[in-house]
Amino acid sequence: MYGLSEQDLQIQDRARTFADELIPLEVQAELNGGDLDKDVVAGHKARARELGLVATNMPRELGGGGCTSLQQVLVQEQAGRVTNALGWVAATPPSWLPRVATPYQLEKFVLPTVRGDREECYAITEEGAGSDVDGIVATARRDGDDYLLSGEKWHVTSYNSADYAFFQGKLVGGQHDGEHAMFMVDLPSPGVEVVRTPAYSHTISHHHPIVRFIDVRVPASHLVGAEGDGMSFAYEWFRFERMMVAARCLGGAQRLVEEMTAFAAEREVQGRPIAQLGAIQAMLADSMTELFAARSLVYETARGIDRGADVKVQHAQCSMAKLYASEMAGRVADRAVQVFGGRGYMRENVAERLFRELRVERIWEGTSEVQRSIIADQMTKRGPRCLA
Ligand SMILES: Cc1cc2nc3c(=O)[nH]c(=O)nc-3n(C[C@H](O)[C@H](O)[C@H](O)COP(=O)(O)OP(=O)(O)OC[C@H]3O[C@@H](n4cnc5c(N)ncnc54)[C@H](O)[C@@H]3O)c2cc1C
């Protein structure tokens, strides 16, 4: 199905095997604040590497998988079948970085990240600037051979495990005054402090603290690309991440469809399986149908990227993929809880966990409302025919 090549099927199979190995540990993680024993996590990282599931998006010459976009989707789809972010060990470092990184940055940041020796986090969003990234007020001011970075960043995912952060700020003074710039900041660094670590709906080991940067001194060699480039990286990264969000949503929905179908076949009410009840059948059928539609959309979008589609078309199609797959997965999770009845409200049940976990897929990497406005914008600028 879906016209996958032999190589596609092989990597999909390896990723599925890995996901199946992680699934038995979900409830333990759920009941333990998302954490597993350090050695167990180290084992998962090693296993993901051994199976070729890490840095699938990075070039082979840098030690990455050099996979096609479709293959990257196939891997992340399987990671999405697993709850509590246990599948995140199949990590994808920023693929836009090698093209702009200096030899120093390649050695210090890129290569160790691809090897799994370093881990990054992203400090972009602020209290007053999420959807509207241009609204950030964090600053970057040149001071001799250094820059001084200041600002308060929200929802900095994986700050607790990362050892460097991408920080986006607006330049103060100089030729590019008011434009965006991005920096890599080693963690810990003097002047970087956690304001607080709020609790979120999901239970995962990656925290999302609010982090304050107070006159953090970084050498100019940590500037990514050139002054004024910051926003272009964000857009490229958004395209990639939106595809991967869509892929993980397919995996979450697949897991739910399988689990609720099996439960509906087995659970009997008044002497017959609930799978024979019209109301339950409607929930199963709608879920399967929407999953098929979403998967077709996501795979075709990935193939378009592999064929080198126009970048604006890619941008809008990645938005469509994320919008539809995340909303589809949310509807499937809601139905799955309903099919499971009271069991579906128990934290030990996969439907309960995915119901909470999938909710954020409609928010991060651009909300559904933002995706709709990107799509509609391209429709009016380029005509609907370009997009589908
Ligand atoms: C768990 C989690 C992890 C995250 N991790 C990171 C991270 O690692 N690094 C990072 O930098 N950020 C991170 N984020 C931030 C995330 O990207 C933002 O939350 C998201 O982009 C939305 O921004 P906001 O929260 O400021 O919402 P707002 O922008 O305040 O939006 C509020 C509402 O207004 C709507 N809205 C806003 N603008 C428009 C518009 N133009 N048209 C129509 N409707 C609009 C939105 O859709 C939403 O419904 C994370 C968020 C969460 C929840």
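These are my notebook entries on the ligand site and on one pair of packed helices.

**Entry on the ligand site.** I kept in mind from the start that this is a predicted model. I first looked up which residues come nearest to the ligand, and found that, of the 15 residues around it, these are Thr 125, Ser 131, Thr 157, Thr 367 and Glu 369. I then sorted the shell around the ligand by class, which gave 6 nonpolar, 7 polar and 2 charged residues.

**Entry on polar contacts.** I looked next at single atom pairs, and noted that a polar side-chain atom of Ser 131 lies 2.6 Å from an oxygen atom of the ligand, while a polar side-chain atom of Thr 367 lies 2.7 Å from an oxygen atom of the ligand. For His 155 I found that a polar backbone atom is the partner, at 2.9 Å from a nitrogen atom of the ligand. I also looked up how far the ligand is covered: on its own it has 970 Å² of accessible area, and the protein covers 63% of this.

**Entry on the helix pair.** I turned to helix α9, residues 311-340, and helix α11, residues 368-382, and wrote down that they pack at an angle of about 140 degrees, with their axes 9 Å apart. I recorded the crossing of α9 and α11 as left-handed. In the list of residues that meet, I found Val 313, Ala 316, Met 320 and Leu 323 among those from α9, and Ile 374, Ile 375 and Arg 382 among those from α11. When I divided the residues of this contact between α9 and α11 by class, I had 6 nonpolar, 6 polar and 5 charged.

Conventions. Residues are numbered from 1 along each chain as its sequence is written. This is a predicted model: local features need pLDDT of at least 70, side-chain atom pairs count only at pLDDT 80 or more; totals for chains, interfaces and linings use all residues. Side-chain values use heavy atoms; hydrogens and water are left out. A residue is near a molecule or strand if one of its heavy atoms lies within 4 Å of it. A polar contact is a pair of N or O atoms within 3.5 Å; within protein, one must be able to donate a hydrogen and the other to accept it, and residues adjacent in sequence count only if both atoms are side-chain atoms. Accessible areas come from the Shrake-Rupley method with a 1.4 Å probe; for residues, only the protein chains shown count as cover. Ala, Val, Leu, Ile, Met, Phe, Trp, Tyr, Cys and Pro count as nonpolar, Asp, Glu, Lys and Arg as charged, and the others, Gly among them, as polar. Axes are lines fitted to C-alpha atoms, for helices over the stretch in contact, and angles run from 0 to 180 degrees between N-to-C directions. Helices (H or I, at least four residues) and strands (E, at least two) are DSSP runs, numbered from the N terminus. A crossing is left-handed if the near helix is turned anticlockwise from the far one by less than a right angle, and right-handed if clockwise. Contact means heavy atoms within 4.5 Å.
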